[in-house]
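Me: I am new to reading protein models, and I would like to go through this one slowly, with the reasoning spelled out at each step. Could you take my questions in turn?

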Amino acid sequence: MKKIRGMTFFSAALLLTSSMLGIAQGVSAADKSDVTTSASKTEYTSAKDLKKKYDVIIVGAGGAGMSAALAAKQKGLKPVILEKMPIAGGNTLKASSGMNASETKVEKANGIVDSNEQFYQETLKGGHNKNDKALLHYMVNHSASAIDWLDSMGMKLDKLTISGGMSVKRTHRPHDGSAVGQYLATGLLRNIKKDKIPLIVNADVTKITEKDDQVSGVKVVINQDKTKTVKAKAVIVTTGGYGASKAMIKKYRPDLAKYVTTNAAGTTGDGIKMIRQLGGYTVDMKQIQIHPTVYQKPAYLIGEATRGEGGILVNKSGDRFTNELNTRDKVSAAINGQSGKMAYVVFDAGVKARSAAVDQYIKKGFTKQADTVEDLAKKINVPAAELQKTITTWNQDVAAKKDSQFERTTGMEHQLNQGPYYAIPIAPGIHYTMGGVKINTKTQVLKKSGKAIPGLYAAGEVAGGLHGYNRIGGNSVADIIIFGRQAGEQAAAYIK
């Protein structure tokens, strides 16, 4: 154990214990169970060590915020991260499938033929051609270098899978097949510690201050008690979206008000509200993504990798009803068209072996399991003969490399023929908010006139436009790493 500038760090094995979560008000049981627990834990910088001035303040300690802080530090700045929740990670901890990137060394090593242009076109199509094209070009063109950047800090995403709307395996995952979000949160925190970057939790930024028409710092409430003013030459906002704000969901999409949400409790649109007070412009605020496969109580994302590694969706009749790896909006609509507006993700021991996230689903009690398809059908109360017929047809289609029913072309390398068999009941849930503040490729926050607010940057889900009207699975992790890094570097360029 060693101390660094007021931070007491235990084993870098981390992650974040559920006892720390108990500090928070409004943290759901799902959030508590969602965090890796172990004997070792991380303590953050003491609020007593908060200085009156830094080069740059990062608001929010998710993947984008920690990436921004690391990039700023690498450029010689003295950053601080302020996080309103009692733990770092935010929605990044919820990410499961992977990080999309093209023309990477990992693809080449696996014989995957891919291009930035192909990645761009498929994302544009998935977003209904409504994506901010400049932001999208920047993301795909810098995706390979982001994989290398993570690698340089000990975060190796060297396994591949595929997500809905993509034509090749470009979703990069940790070597052990674990959920990408917790893996990256652990790695980013390890590097935050290594680089001696102060990270203060229970620090709720309530206002971004200005002086002479440029950003001058923030007002922050520490431990729901004392308000302090902290000065800085630049502020980077990485507070996430508004998927956990019932009020904002009701305002922009009242039709979704009764949906469960997979979002972390702190994802309540704070950064968007503060930036608006400075004249920042917002785009696509009605564009909220529904994820098709969410276990409902507690609300928990069943990641795309389960289908990407060969799982299928069946309805209460035991039948497939859609291409499981179509874009999320289309799969969600297909599920909502079934009896009870729900379905089951069905898979076998082979999928379980290829996707480590399944172990979490089993541990949490979300799965039904049986040695045979017939017994599985009884456990989920669907016609056994029909489910067996569905699996048989699917296996024949996999062998023929052609989906005879719904023209699925990806995630068909393996038959479902290894017992035990599994099923998870799912329905759509609120997952991601595509809308947010308007930024340019330098991550500068823009006013409606197109003019940048001097010294103000934003990255990750708080920013809008990149994903258009539908986000492709695996692109949010690319977004937070690529634009988080860019925000840190651009803040350094602005200050210097």
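**Strands, cores and rings**

Reply: Let us begin inside a sheet of this predicted model, where Val237 has Ala458 in E21 as its bridge partner.

Me: In which sense do E11 and E21 run, and how many bridges join them?
Reply: The bridge between Val237 and Ala458 in E21 gives a starting point. Taken as a whole, E11 and E21 run parallel, and the number of bridges that join them is three.

Me: Which residue of E11 is the bridge partner of Ile57?
Reply: Strand E3, made of residues 53-59, pairs with E11 in the parallel sense over six bridges. Ile57 has its bridge partner in E11, and that partner is Val235.

Me: In the hairpin of E10 and E11, which residue takes a positive phi?
Reply: Strand E10, residues 214-222, pairs with E11 in the antiparallel sense, over six bridges, and within this pairing Val218 stands opposite Val230 in E11. The hairpin has three residues between the two strands, and the residue with a positive phi, near 50°, is Asn223.

Me: Which strands stand at the edges of the open sheet with the order E5-E7-E6?
Reply: This open sheet has three strands, with antiparallel pairing. Two of them have a single partner strand each, so one side of each is left without a neighbour in the sheet, and these edge strands are E5 (99-100) and E6 (159-161).

Me: What is the bridge partner of Asn100 in E7?
Reply: E5 and strand E7, which covers residues 171-173, pair in the antiparallel sense over two bridges. For Asn100, the bridge partner in E7 is Thr171.

Me: Is Ser143 buried or exposed?
Reply: Ser143 is found in helix H7, residues 143-152, and, leaving out residues up to four places away in sequence, it touches Met99, Asn100, Ala101, Ser102, Phe119 and Ile482. Because its relative accessibility is 0%, and buried means under 20%, Ser143 counts as buried.

Me: How many residues does the largest nonpolar core have, and which helix gives the most to it?
Reply: As a general matter, nonpolar side chains tend to be buried together in soluble globular proteins. In this model, the residues with the most contacts inside the largest nonpolar core are Leu82, Leu199, Leu456 and Ile481, and the core has 103 residues. The helix that gives the most to this core, with nine residues, is H17.

Me: Which residues is Leu82 in contact with, and how many residues are in the second core?
Reply: Leaving aside neighbours within four places in sequence, the contacts of Leu82 include Leu50, Ile57, Val59, Ile200, Val218 and Val220. The second core is separate and includes Tyr344, Val351, Leu376 and Ala377, and its size is 39 residues.

Me: How many aromatic pairs does the structure hold, and what is the angle between the planes of Tyr242 and Tyr252?
Reply: The structure holds seven aromatic pairs. In one of them, Tyr242 and Tyr252 lie 5.9 Å apart, centre to centre, and the pair is tilted, with an angle between the planes of 50°. This pair links distant parts of the chain, since Tyr242 is in the loop between strand E11 (226-237) and helix H9 (246-252), while Tyr252 is in helix H9, and the separation is ten residues.

Me: Why is the pair of Tyr457 and Tyr494 edge-to-face?
Reply: The ring centres of Tyr457 and Tyr494 are 6.3 Å apart, and planes over 60 degrees apart count as edge-to-face. Tyr457 lies in strand E21 (residues 452-458) and Tyr494 in helix H17 (residues 475-495), so the pair ties together parts 37 residues apart in sequence. The reason for the name edge-to-face is that the planes stand at 65°.

Me: Over the ring of which residue does the charged end of Arg471 sit?
Reply: The charged end of Arg471 is 4.2 Å from the centre of the ring it sits over, and that ring belongs to Tyr432.

Me: Over which residues does pLDDT stay under 50?
Reply: The mean pLDDT of the protein is 91, and 92% of its residues reach 70 or more. Where pLDDT is low, the predicted coordinates should not be read in detail. The stretch over which pLDDT stays under 50 is residues 1-40.

Note on methods:
Residues are numbered from 1 along each chain as its sequence is written. This is a predicted model: local features need pLDDT of at least 70, side-chain atom pairs count only at pLDDT 80 or more; totals for chains, interfaces and linings use all residues. Side-chain values use heavy atoms; hydrogens and water are left out. Rings of Phe, Tyr and Trp (its six-membered ring) pair if their centres lie within 6.5 Å; planes under 30 degrees apart count as stacked, over 60 as edge-to-face and the rest as tilted. Helices (H or I, at least four residues) and strands (E, at least two) are DSSP runs, numbered from the N terminus. A charge sits over a ring if NZ of Lys or CZ of Arg is within 6 Å of the ring centre and within 35 degrees of the ring normal. pLDDT is the predictor's confidence in each residue, from 0 to 100. Contact means heavy atoms within 4.5 Å. Buried means under 20% relative accessible area, exposed over 50%, partly exposed in between (1.4 Å probe, protein chains only). Two strands pair if DSSP finds at least two bridges between them. A nonpolar core is a set of buried Ala, Val, Leu, Ile, Met, Phe, Trp, Tyr and Cys residues joined through side-chain atoms within 4.5 Å.
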